[in-house]
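I opened this notebook to keep a record of what I looked up in one model, in the sequence of my reading. The entries go from sheets to single residues and then to empty space.

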Amino acid sequence: MSAALKAAPEAIVPRFTPLHPVLAARCDGLDLRQPLTPAQAQAVEAAMDRFAVLVFRDQRIDDEQQLAFGRNFGAVEAVPSLVDQARRRLPDNQVNDISNLGADGKLLAADDRRRMYNLGNMLWHSDSSFKPTPAKYSMLHARVIPPSGGETEFADMRAAWDALPEAMQAQLRDLVAEHSLIYSRAQLGFDDFTPEEQAKCTPVPQRLVRRHMGSGRVGLYLAAHIGGIQGMPRPEALMLVRELTEFATQRQFVYSHTWAVGDMVLWDNRCTMHRGRPYADKTYPRDMRRVTLSDVSPTLEQPR
Ligand code: OGA
Ligand code: MN
């Protein structure tokens with residue numbers, strides 16, 4: 001084919017191929033170094049409403065290009081990470097450093113607070129559910145990956161909701177959970193927060209069941225950040241959350257992404273949970289960058 005016959009970037013219509021029976025698709029055709037046209041951005045958003053996770057392969061983008069792609073779909077969140085901000089590797093406060101590297105570019109030591117804090121990403125969660133207005137989309141780009149492990153798994157909270165018995169759905173429908181970063185880290189025994197860090201972690205109420213705006217479907221809104229349910233004794237609440245989390249993360253609801261360098265994965269935090277999987281993080285670098293977009297309002301202010 002001659003160069004003249006090659007479609008101009010703005011004429012390309014993205015194609016979507018499902019990667020799993022209930023969620024996730026691969027998106028082909030787009031080069032994320034180029035700005036999207038409004039039609040291309042709409043096609044991506046419509047596919048997100050359906051698949052909740054999209055994989056873009058072989059994207060050699062930098063932080064700026066990743067931010068520009070994100071701005072097609074909402075407002076970019078400031079970095080929410082909490083621990084030892086003065087020792088951050090990336091200067092930009094809109095790009096999350098999802099790596100095992102310190103400011104010197106070297107692997108974090110086994111007992112580094114940032115490493116121990118980052119291990120919380122291996123618990124099933126939804127990004128920024130501990131913020132009054134939580135996250136809409138997150139997008140994670142792989143720059144350096146380890147030789148094995150380090151997959152990211154995604155669970156479909158709408159499919160899980162649909163599979164719950166009606167009596168259970170009725171029991172859950174009006175519940176409100178309390179979310180804080182303190183709660184997810186406490187599950188792993190990380191509890192040495194400074195008073196300043198603690199002050200930033202006041203629990204935030206979120207609906208346990210929410211309607212997904214783009215699709216109109218209902219889904220569970222779960223995260224390791226939950227530390228209680230309003231009006232319920234704490235052990236009962238935590239047992240219920242554990243039970244629901246086990247139910248919602250059964251294999252039939254989960255897509256597991258095995259990374260290649262250049263992969264960009266976009267997910268919808270309003271209707272999925274995700275978690276990182278183990279890898280030899282004291283031996284191999286894993287450098288991922290995340291841009292996160294805000295939802296429009298706290299879940300309690302959203303239409304049922
Ligand atoms: C994240 C996250 C898991 C991973 O970036 O929000 O939870 O596999 N990442 O790195
Ligand atoms: Mn996350």
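The entries below begin with conventions and then turn to the structure itself.

**Conventions.** I am working with a predicted model, in which local features need pLDDT of at least 70 and side-chain atom pairs count only at pLDDT 80 or more, while totals for chains, interfaces and linings use all residues. Residues are numbered from 1 along each chain as its sequence is written, chains are lettered from A and ligands numbered from 1 in the order in which they are written, and side-chain values use heavy atoms, with hydrogens and water left out.

**Entry 1, the seven-stranded sheet.** I looked up the strand order and found an open sheet of seven strands, β1-β2-β3-β13-β5-β15-β4, with mixed pairing. I noted that β1 (15–18) and β4 (96–99) are at the edges with a single partner strand each, so one side of each has no neighbour in the sheet. Direction ignored, neighbouring strands here are turned by 25 degrees against each other on average. For these terms, strands (E, at least two residues) and helices (H or I, at least four) are DSSP runs numbered from the N terminus, and two strands pair if DSSP finds at least two bridges between them.

I then followed one edge: β4 is joined by four bridges to β15 (residues 287–294), and the two run antiparallel. Within that pairing, N96 has R290 of β15 as its bridge partner.

**Entry 2, helices across this sheet.** I checked which strands helix α1 (residues 38–51) lies across, and these are β1, β2 (25–28), β3 (53–56), β5 (135–144) and β13 (264–268), with the helix running at about 130 degrees to β3. Helix α2 (residues 63–70) lies across β3, β5, β13 and β15, and runs at about 155 degrees to β5. The angles run from 0 to 180 degrees between N-to-C directions, with axes taken as lines fitted to C-alpha atoms, for helices over the stretch in contact, where contact means heavy atoms within 4.5 Å.

**Entry 3, M288.** I picked M288, which is in strand β15, and found that M288 counts as buried because its relative accessibility is 0%; buried means under 20% relative accessible area, exposed over 50%, and partly exposed in between, with a 1.4 Å probe and protein chains only. Not counting residues up to four places away in sequence, M288 touches N96, D97, I98, S99, L140, H141, A142, V144, I145 and W259. I also looked up the C-alpha separation of M288 and G262, which is 9.9 Å for residues 26 apart in sequence.

**Entry 4, the three-stranded sheet.** A further open sheet has three strands in the order β12-β6-β14, with antiparallel pairing. Its edge strands, β12 (254–257) and β14 (272–276), each pair on one side only, and the twist averages 20 degrees from one strand to the next. Strand β6 (residues 152–156) is joined to β14 by five bridges, and F154 stands opposite H274 in β14.

How many residues of β14 are buried? I found five of the five, so β14 is largely enclosed by the rest of the structure. T272, H274 and G276 point one way from this strand, and M273 and R275 point the other way.

**Entry 5, positive phi.** Most residues other than glycine have a negative phi, and I therefore wrote down the exceptions I came across. A24, in the loop between β1 and β2, has a phi near 80 degrees and is buried, with a relative accessible area of 0%. A52, in the loop between α1 and β3, has a phi near 70 degrees and is likewise buried at 0% relative accessibility.

**Entry 6, T194.** T194 lies in the loop between α6 (181–187) and α7 (195–199), and is partly exposed, with a relative accessible area of 27%. Its C-alpha atom is 9.0 Å from that of V83, although the two are 111 residues apart along the chain.

**Entry 7, cavities.** I counted two cavities of 30 Å³ or more, a cavity being a set of points on a 1 Å grid over the protein atoms alone where a 1.4 Å probe fits but cannot get out, with lining residues having an atom within 4 Å of a point. The second largest has a volume of about 30 Å³, volume being the space filled by probe spheres set on the points, which are joined across faces, edges and corners. Its lining consists of R207, V209, R210, R211, T299, Q302, P303 and R304, and strand β9 (residues 209–211) gives the largest share, three residues. I sorted the lining into two nonpolar, two polar and four charged residues; Ala, Val, Leu, Ile, Met, Phe, Trp, Tyr, Cys and Pro count as nonpolar, Asp, Glu, Lys and Arg as charged, and the others, Gly among them, as polar.

Terms used. On a 1 Å grid over the protein atoms alone, a cavity is a set of points where a 1.4 Å probe fits but cannot get out, and a pocket is an open set with protein on both sides within 12 Å along at least five of seven lines; lining residues have an atom within 4 Å of a point.
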